[in-house]
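Student: I've just opened this one and I don't know where to start. Could you walk me through it?

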Amino acid sequence: MSFSPYGKRLASAGYDQTVKVWDAQTGQEALTLKGHTSQVESVSFSPDGKRLASAGDGTVRVWDATPLPEAHKQ
């Protein structure tokens, strides 16, 4: 797990091959990132909180960690 630089969001690495970003105040899931092919072992926010790096399945992935506005979520 990793807190964003200002503590507003929390990222979790999952056995389910996903990275999830949570609103730290409400506990609501804000974003699910899929792409790893096995368990995700670690996550870390960039210093500005806009990107997220995850490691697992022998790869490191860099993601846009900015949640979409509610109107654009599917």
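Tutor: Let's take it question by question, from the whole chain down to single residues.

Tutor: Two notes before that. This is a predicted model, where local features need pLDDT of at least 70, side-chain atom pairs count only at pLDDT 80 or more, and totals for chains, interfaces and linings use all residues. Residues are numbered from 1 along each chain as its sequence is written, and side-chain values use heavy atoms, with hydrogens and water left out.

Student: How many helices and how many strands does the chain have?

Tutor: Both are DSSP runs numbered from the N terminus, with helices being H or I of at least four residues and strands E of at least two. Along the sequence the pattern reads β-β-β-β-β-β-β. So, by that definition, the count is 0 helices and 7 strands.

Student: What radius of gyration does the chain have?

Tutor: The radius is taken over C-alpha atoms, and the globule rule is 2.2 Å times the number of residues to the power 0.38. For 74 residues that puts a compact globule near 11 Å, and the chain's value agrees with this. The C-alpha trace spans about 30 × 30 × 20 Å along its principal axes. The radius of gyration is 12 Å.

Student: Which strands are the edges of the open sheet?

Tutor: Strands pair if DSSP finds at least two bridges between them. Three strands make this open sheet, in the order β5-β6-β7 with antiparallel pairing. β5 and β6 share 5 bridges, while β6 and β7 share 6 bridges. The strands that pair on one side only are β5 and β7 (59-64).

Student: In the hairpin of β5 and β6, which residue takes a positive phi?

Tutor: On the paired part, phenylalanine 45 stands opposite leucine 52 in β6. The hairpin has 5 residues between the strands. The residue with a positive phi, near 75°, is glycine 49.

Student: Which strand gives the largest share of the largest nonpolar core?

Tutor: A nonpolar core is a set of buried Ala, Val, Leu, Ile, Met, Phe, Trp, Tyr and Cys residues joined through side-chain atoms within 4.5 Å. The largest one here has 11 residues, including Ala11, Val19, Phe45, Leu52 and Trp63. Two or more residues come from each of β3 (18-23), β4 (29-34) and β5 (40-45). The largest share, 3 residues, comes from β5.

Student: Is serine 54 buried or exposed?

Tutor: Buried means under 20% relative accessible area, exposed over 50%, and partly exposed in between (1.4 Å probe, protein chains only). Serine 54 sits in strand β6 (residues 51-56), opposite arginine 61 in β7. Because its relative accessibility is 1%, serine 54 counts as buried.

Student: Which side chains make polar contacts with the side chain of serine 54?

Tutor: A polar contact is a pair of N or O atoms within 3.5 Å; within protein, one must be able to donate a hydrogen and the other to accept it, and residues adjacent in sequence count only if both atoms are side-chain atoms. Serine 54 has one such contact of 2.7 Å with histidine 36, and another of 2.7 Å with tryptophan 63. The partners are histidine 36 and tryptophan 63.

Student: Which side chain makes a polar contact with the side chain of threonine 18?

Tutor: Threonine 18 lies in strand β3, and counts as buried because its relative accessibility is 7%. Its C-alpha is 7.6 Å from that of glutamine 39, 21 residues apart along the chain. The polar contact of threonine 18, at 2.6 Å, is with the side chain of aspartate 16.
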